Amino acid sequence: MDTIKENVKQLLSEIPGGVDIVAAAKTRSSDEILQAIDGGLKIIGQNYVQEALKIIEDIGHQVRWHFIGHLQKNKIKYVVPVFDMIETVDSMTLATQINKHAIKHNKTMHILIEINSGREPQKFGVFPEDAYNLIKEIKALSNLKIMGLMTMGKMVDDTQEIRKCFKETKTLFDEINALNIEGVEMKCLSMGMSDSYTIAIEEGANVVRIGTKIFGPRSY
Ligand SMILES: *Cc1c(COP(=O)(O)O)cnc(C)c1O
């Protein structure tokens with residue numbers, strides 16, 4: 001009956017201190033998410049704006065909300081006022097639009113830069129070698145604050161390939177951090193999902209996004 005809560009407690013007991021769990025809650029009901037919160041989770045990730053707005057209205061701001069999906073231009077205006085962080089910023093165009101709405105809401109929007117660490121052309125995210133220039137551009141926007149990096153890694157079964165993606169993203173994270181860019185805080189390194197969070201933590205992630213392992217298989 002309390003499987004979700006038990007799953008969360010198990011996860012919290014095995015994950016090292018200093019690593020935050022984002023419950024990747026796409027397609028899950030408010031009831032399911034509330035069970036995860038009851039288990040001790042404090043950050044909920046959402047991918048789909050329509051779905052998220054309803055859920056956030058139900059559950060409110062007893063937890064923090066991270067947007068972890070691909071953000072379409074026409075949905076930015078809904079996301080900015082209710083989310084605490086947008087993890088998937090990968091272009092100046094998107095950043096500029098988010099900033100515009102953040103100004104409107106008199107809010108500093110915390111964002112992560114999404115890195116396409118697998119260098120897969122069809123995937124979202126900026127290539128590692130282009131991240132620094134993008135960050136330099138984005139940091140000029142008044143109402144955005146870059147808080148770190150996010151990556152999905154390659155969607156493959158080969159754990160060595162996945163580890164390579166995480167390693168490269170961590171190296172980039174450390175390099176950017178060492179530059180001490182004014183207004184940029186390299187605090188969050190978000191990588192790893194149900195199948196890969198152990199590897200991600202070994203490679204330096206301090207935020208992991210976990211869905212299936214908390215809620216069970218998705219039914220879509
Ligand atoms: C769904 C999702 C996850 C979690 O995936 P699971 O395999 O269910 O743990 C992590 N990150 C993003 C961006 C997602 O969309």
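**Notebook: strand β7, a loop residue and an aromatic pair**

I began with Leu189, which lies in strand β7 (residues 184-191); helices (H or I, at least four residues) and strands (E, at least two) are DSSP runs, numbered from the N terminus. The model is a predicted one, in which local features need pLDDT of at least 70 and side-chain atom pairs count only at pLDDT 80 or more, while totals for chains, interfaces and linings use all residues. Residues are numbered from 1 along each chain as its sequence is written, and side-chain values use heavy atoms, with hydrogens and water left out.

I next looked up whether Leu189 is buried or exposed. Leu189 counts as buried because its relative accessibility is 0%, where buried means under 20% relative accessible area, exposed over 50%, and partly exposed in between (1.4 Å probe, protein chains only). Leaving aside neighbours within four places in sequence, I found Leu189 in contact (heavy atoms within 4.5 Å) with Leu149, Thr169, Lys170, Phe173, Gly204, Ala205, Asn206 and Val207. For Ala205, I noted that its C-alpha is 5.1 Å from that of Leu189 in space, although the two are 16 residues apart in sequence.

I then turned to Asn47, which I located in the loop between β2 (43-46) and α3 (49-59). With 15% relative accessibility, Asn47 counts as buried, and, neighbours within four places in sequence aside, Asn47 is in contact with Lys26, Phe67, Ile68 and Gly69.

Phe67 led me to the aromatic rings, and I found 1 aromatic pair in the structure. Rings of Phe, Tyr and Trp (its six-membered ring) pair if their centres lie within 6.5 Å, and planes under 30 degrees apart count as stacked, over 60 as edge-to-face and the rest as tilted. The rings of Phe67 and Phe83 have centres 5.4 Å apart and planes at 90°, so I entered the pair as edge-to-face. Phe67 lies in strand β3 (residues 64-67) and Phe83 in the loop between α4 (76-82) and β4 (85-89), so the pair ties together parts that are 16 residues apart in sequence. I recorded both Phe67 and Phe83 as buried.

Last, I looked at the whole protein chain, in which I noted 9 helices and 8 strands. Of its 220 residues, 50% count as buried, and of the contacts between residues at least 6 apart in sequence, 60% join residues at least 24 apart. I also noted that the C-alpha atoms fill a box of roughly 50 × 40 × 30 Å, taken along the principal axes.
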